[in-house]
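Reader: Hello! I would love a close look at one part of this protein, the strands and the hairpins that link them. Could you walk me through that part and then show me what surrounds it in the rest of the fold?

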Amino acid sequence: MAQPGGEHAPLTDKLGVEIDPELLSLALTHRSYAYEHGHLPHNERLEFLGDSVLGQAVTVLLYTRHPELDEGALAKRRASVVSTVALAEVARGIDLGAHLRLGRGEDQTGGRDKDSILADTMEAVIGATYLSAGPDAATELVHRLVEPLLADPDRYGAAVDPKTSLQELAARRGFSPPVYSVEATGPDHDRVFTATVVVGEVSGTGTGTSKKHSEMAAALQLWRELSAQD
């Protein structure tokens, strides 16, 4: 088990659960790092497991907490919590990016703050928790991580469809519709998209592995900023 003072002690403290150090290291290993170091194992299998654990934990929590909601409403809330954008925000809240094992190229192009990498790694950490500490500990971890999201109903729509939420917010404030611009960098097989969205005199930015994802990340970032001004 992870010991106090270990390499990732600050992260395990924030997670509030002891994870086998080898499993945690694996969960934090992106494929770019693995390929640069002789094709080491990487975190994608743990990500696959963690995605399932996350989905079940959130589904059961919503089902038992909200007997008044129908299937459609439950599905919408679940989607908002397990989305790439939402998981990336959870990951930033525990400073997961600082602990990632990335290849040099990925690190230099901002990989520690990419929504897709953060979200995938968050799922891998959940998978590592399941294998190391058991299903109950993994479920408790998921509940702790997503509780802030579930406590803010306004986030449901924004996390699922941030572009529409931003457009509606802009209209309520009397602004023109949001204007987006997107730039792409990197080789064809590993493109990184950076979107900028402007509403009035305020702008937001976001990155992603596709034009759509980068625009969604930018829209949510600006939606949060404008919402905080209320």
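Author: Happy to! One thing to keep in mind is that this is a predicted model. Before turning to the strands, a quick stop at the largest pocket, which holds about 300 Å³ of space. Its lining is made up of 19 residues, and His30, Arg31, Glu106, Ile117 and Asp190 are the ones closest to the centre. Helix H3 (31-36), helix H4 (44-65) and helix H8 (115-133) are the elements that each give two or more residues to this lining. H8 has the largest share, with four residues. Sorted by class, the lining of the largest pocket contains eight charged, eight polar and three nonpolar residues.

Now to the strands you asked about. Strand S1 covers residues 179-185, and S1 and S2 run antiparallel, joined by seven bridges. Strand S2 (residues 192-199) also pairs with strand S3 (residues 202-208), again in the antiparallel sense and over seven bridges.

Thr194 is a handy residue to follow with your finger. On one side, this S2 residue is the bridge partner of Glu183. Thr194 also stands opposite Thr207 in S3.

Ser181 gives you a second view of the pairing, this time from S1. Setting aside neighbours within four places in sequence, Ser181 is in contact with Thr194, Ala195 and Thr196. Ser181 and Ala195 are 14 residues apart along the chain, yet their C-alpha atoms are separated by 5.6 Å. Is Ser181 buried, exposed or partly exposed? Ser181 has a relative accessible area of 43%, so it counts as partly exposed.

The two hairpins make a nice pair to look at next. The hairpin of S1 and S2 has six residues between the strands, and there Gly186 takes a positive phi near 90°. In the hairpin of S2 and S3, two residues lie between the strands, and Gly200 has a positive phi near 60°.

From here we can step out to the nonpolar cores. One of the residues of S2, Val197, belongs to a separate core of 13 residues, but it helps to meet the largest core beforehand. That largest nonpolar core has 42 residues, of which Leu15, Leu96, Met122 and Val125 touch the most other members. Helix H1 (9-15), helix H2 (21-27), H4, helix H5 (71-82), helix H6 (84-93), H8 and helix H9 (135-150) each supply at least two residues of this core. The second core, with its 13 residues, includes Val85, Ala170 and Leu220 as well as Val197.

Met122 is a good place to pause within the largest core. Not counting residues up to four places away in sequence, Met122 touches Leu15, Leu87, Val90, Ala91, Ile94, Leu96 and Leu145.

Leu87, Val90 and Ala91 are also among the buried residues of H6, together with Val85, Ala86 and Ala88. The buried residues of H6 pack against H4, H5, H8, H9 and helix H12 (211-227). After H6 comes Asp95, with a positive phi near 55°.

To finish, here is a residue from the loop between H4 and H5, namely His66. His66 counts as buried because its relative accessible area is 15%, and the cut-off for buried is under 20%. Leaving out neighbours within four places in sequence, His66 is in contact with Leu74 and Arg77.

How values were computed
Residues are numbered from 1 along each chain as its sequence is written. This is a predicted model: local features need pLDDT of at least 70, side-chain atom pairs count only at pLDDT 80 or more; totals for chains, interfaces and linings use all residues. Side-chain values use heavy atoms; hydrogens and water are left out. On a 1 Å grid over the protein atoms alone, a cavity is a set of points where a 1.4 Å probe fits but cannot get out, and a pocket is an open set with protein on both sides within 12 Å along at least five of seven lines; lining residues have an atom within 4 Å of a point. Grid points are joined across faces, edges and corners, and a volume is the space filled by probe spheres set on the points. Ala, Val, Leu, Ile, Met, Phe, Trp, Tyr, Cys and Pro count as nonpolar, Asp, Glu, Lys and Arg as charged, and the others, Gly among them, as polar. Two strands pair if DSSP finds at least two bridges between them. A nonpolar core is a set of buried Ala, Val, Leu, Ile, Met, Phe, Trp, Tyr and Cys residues joined through side-chain atoms within 4.5 Å. Buried means under 20% relative accessible area, exposed over 50%, partly exposed in between (1.4 Å probe, protein chains only). Contact means heavy atoms within 4.5 Å.
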